[in-house]
Each structure stands twice: as C-alpha cells, then as structure tokens.
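Subject: Structure handover

Hello,

As promised, I am passing the structure on to you. Please have a look at it first, and then read my notes below.

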Amino acid sequence: MPQVVTVSATTAAYAMEATKPPQRVPRGTLVEEQLQVFAERAAKGDDFRLRAILTVVQPPALSLHFLTAGQAKHEQATLKEALAAYLSSTS
C-alpha cells in the first residue's frame, strides 16, 4: 500500500533551493574586481609593466564617471508649460 506524504509549498521551496544552479556573476563585475586587484598589486610592487598597463586600462566605473561628468542635466517642463506647448503646436 503506497503512503502519501504531503509537504507545504514553503517547505518544498526551501528544499528546492539547494538544487538550483548558482547565479552567474556579471562579466563587468569580474573585470572590475580583477582591475582592483591589479591596482593594489601595482601600488605595492615594483612591476613597471603592470603600472603601465593600469595607466592604459583604467577601471570602467572611473572612466564612465569622467565620460558623463560634463553632461548637463536637463530640467523637465511643468504641466502648464507642456500643455501650453501642446496647445500652441496644434493650433
């Protein structure tokens, strides 16, 4: 005679967590971490090649900051200004 065992949905979800494959780390995160390790190693050591590489290959977050630093933020129009512009364009 078969025995039926019932399990709540929460318990089943906890049991399935162990069978899930681990989430992949984004490639950009791995690159940034490796560049940080290289920068720390270059700061401590005397390897001029590593220092030269780091001057050419900068960390992406820092490069992105300098690329976007000069961009001005555009103010949004108020509702009255938007309605006035719409009404003037349709007439």
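Helix 2 and helix 3 are oblique to each other, a word used here for angles that are not under 35 degrees (roughly parallel), over 145 (roughly antiparallel) or 65 to 115 (roughly perpendicular). In this predicted model, the axes of helix 2 (residues 27-44) and helix 3 (residues 48-56) come within 9 Å and cross at roughly 135°. Axes are lines fitted to C-alpha atoms, for helices over the stretch in contact, with angles running from 0 to 180 degrees between N-to-C directions. The crossing is left-handed, meaning that the near helix is turned anticlockwise from the far one by less than a right angle (clockwise would be right-handed).

Which residues meet there? From helix 2 come Leu35, Phe38, Ala39, Arg41, Ala42 and Ala43, and from helix 3 come Leu50, Arg51 and Leu54; contact means heavy atoms within 4.5 Å.

Leu50 is a good one to click on. This helix 3 residue counts as buried because its relative accessibility is 11% (buried is under 20% relative accessible area, exposed over 50%, partly exposed in between, with a 1.4 Å probe and protein chains only). Leaving aside residues up to four places away in sequence, Leu50 touches Phe38, Arg41 and Ala42. The C-alpha atoms of Leu50 and Ala39 are 8.4 Å apart, with their positions 11 residues apart along the chain.

Thr55 also has its place in helix 3, but Thr55 is exposed, at a relative accessible area of 57%. From its C-alpha atom to that of Ala39 is 9.7 Å, at a separation of 16 residues along the chain.

As for the whole chain, it has five helices and zero strands, in the order α-α-α-α-α. Both are DSSP runs numbered from the N terminus (helices H or I, at least four residues; strands E, at least two). Of the 91 residues, 4% are buried.

Side chains of opposite charge can pair when their charged atoms come close. The count here is one salt bridge, defined as a side-chain nitrogen of Lys or Arg within 4 Å of a carboxyl oxygen of Asp or Glu. Glu17 and Lys20 form it, with their closest N and O atoms 3.2 Å apart. Glu17 is partly exposed at 45% relative accessibility, and Lys20 is exposed at 52%.

A word on confidence: pLDDT, the predictor's confidence in each residue from 0 to 100, averages 77 over the chain, and 79% of the residues score at least 70. Helix 5 (residues 79-90) has the highest mean among the elements, 88, and helix 4 (residues 60-68) the lowest, 63. Where pLDDT is low, the predicted coordinates should not be read in detail.

Residues are numbered from 1 along each chain as its sequence is written, and side-chain values use heavy atoms, without hydrogens or water. Local features need pLDDT of at least 70 and side-chain atom pairs count only at 80 or more, while totals for chains, interfaces and linings use all residues.

Best wishes
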